[in-house]
Amino acid sequence: MSYVDEIIEQVIKQNPAEPEFHQAVKEVLESLRVVVEANEEKFRKDALLERLVNPERQFKFRVPWVDDKGQVQVNTGYRVQFNSAIGPYKGGLRLHPSVNLGIIKFLGFEQIFKNSLTGLPIGGGKGGSDFDPKGKSDREVMAFCQSFMTELCKYIGADTDVPAGDIGTGAREIGFMFGQYKRIRGVYEGVLTGKGLSYGGSLARTEATGYGLLYITEEMLKCNGQDIAGKTVAVSGSGNVAIYATQKAQQLGAKVVTVSDSTGWVYDPDGIDVTALKEIKEVKRARLTEYKNYRPNSEYHEGKGVWSVKVDIALPCATQNELDIEDAKTLVSNGVIAVCEGANMPTTLEATEYLQKNGVYFVPGKAANAGGVATSALEMSQNSERLSWSFEEVDSKLKGIMVNIFHNLDSAAKKYGFDGNYVVGANIAGFEKVVDAMNAQGIV
């Protein structure tokens, strides 16, 4: 049995009931097969893949807090510190009922390669809790965040592990967590990113993931003789990534016609109204059913259906495995030319392979949504220097990073004979830097 197959089998056996983690490991290792086989004897002797797929450490802890009725609630908190070969652990905190150890491990594993691709000195980590901020008062959210950080603060620091936001963790949650960290540890340091502008946050951080997604999409199309201007786009989700991906797509001359949330989706043939979307989601924290009040010509549909609309480009920006094989077949039959992932692993393996076989340009999340963590690393730099850069400075650096990521993954794919396979290219480009650092630092 090949080394790659051995490790995939081992991961499944040692981590039962963690299908998302199995999927992430399989997707990465399958595309690294060509590199591993070229170095199999050395990698096997050094147990390199075993070290790569096993986190350096992981924490699981209880989070008790009191709700507005005086009832004590208990959630579970997680932090997985996966790989620090190229820098301090860096990765978001996800607050969502679906969170479990397997989800956090899949996200942390992906983060190793995503962070490597940015070219910045940050390792891979991830954390979160099964707490759901939806429907909770500000006081309840604060009570949870303070209890969560009381435990988490033992394991993080500006030069150790720097968490950020993710699904369910926005500026409000980061603020409460930062305040509690400072209160307990007695230090004012850049321990979290995604902070408010008044206390060490970076301009353009809010927009970064969505904007970065469009910068890499634009560059990828340009390198394949296409122009993003005039294209029709389907976006899924209506959170931070989806909102700013929609905004930047429209600034670049494309027309975004869909967004979605957990209850339904909107089709707006005239193009999504970003101002209305922000009002509904960022101000009112309401459902997309309200969108029709702003745009009477739009359609609201219950359930799932974003990928049924005929578009040129699909940008899945909601959550993992939201775009399945049936969706991929629909997109292909409707003539889609590109799918670029704004969320983490939103496309199933089967769907990814189908899109690639049918000539669709496909850029995986570890490359396409790296703009968020890249700008988080820029926020860390600003915190370390006690400086604040302008929006234009940060945005310009972000665009440069995303364009560079595309060219690195394109070159890696070509180097190993996989021209146009950006999944293989992204994994190899991210992997080579991490492995070089791991080898230099000995068996640790």
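Visitor: What makes the five strands β1-β2-β4-β3-β5 an open sheet, and which of them stand at the edges?
Guide: In this predicted model, the five strands follow one another in the order β1-β2-β4-β3-β5, with mixed pairing. Strands are DSSP runs of E with at least two residues, and helices are runs of H or I with at least four, numbered from the N terminus; two strands pair if DSSP finds at least two bridges between them. β1 (57-66) and β5 (161-164) each have a single partner strand, so one side of each lacks a neighbour in the sheet. On average, neighbouring strands are turned by 20 degrees against each other, direction ignored.

Visitor: How do you know that β3 and β4 pair?
Guide: Five bridges join β3 (residues 89-95) to β4 (residues 123-129), and the criterion asks for at least two; the two strands therefore count as paired. They run parallel. Leu95 stands opposite Ser129 in β4.

Visitor: Why is Glu173 called buried?
Guide: Its relative accessible area is 3%. Buried means under 20%, exposed over 50% and partly exposed in between, with a 1.4 Å probe and protein chains only, so Glu173 is buried. Glu173 lies in helix α7 (residues 171-185). Leaving aside neighbours within four places in sequence, Glu173 is in contact (heavy atoms within 4.5 Å) with Leu95, Pro133, Val141, Cys145 and Gly168.

Visitor: How do you know that the span of helix α16 agrees with its number of residues?
Guide: The expected span is 1.5 Å times one less than the number of residues. For the 25 residues of α16 (residues 391-415) this gives 36 Å, and the end C-alpha atoms are 36 Å apart, so the two agree. Among the buried residues of α16 are Val394, Leu398, Ile405 and Asp410. The buried residues of α16 pack against α5 (101-117), α8 (205-223), α14 (365-368), α15 (371-385) and α17 (422-440). Just after α16, Gly417 takes a positive phi of about 80 degrees.

Visitor: What makes the radius of gyration of the chain agree with that of a compact globule?
Guide: The rule, taken over C-alpha atoms, is 2.2 Å times the number of residues to the power 0.38. For 444 residues it gives a value near 22 Å; the chain has 21 Å, which agrees. Of these residues, 57% count as buried.

Visitor: Which conventions apply to the numbering and the values?
Guide: Residues are numbered from 1 along each chain as its sequence is written, and side-chain values use heavy atoms, without hydrogens and water. Local features need pLDDT of at least 70 and side-chain atom pairs count only at pLDDT 80 or more, whereas totals for chains, interfaces and linings use all residues.

Conventions:
Axes are lines fitted to C-alpha atoms, for helices over the stretch in contact, and angles run from 0 to 180 degrees between N-to-C directions.
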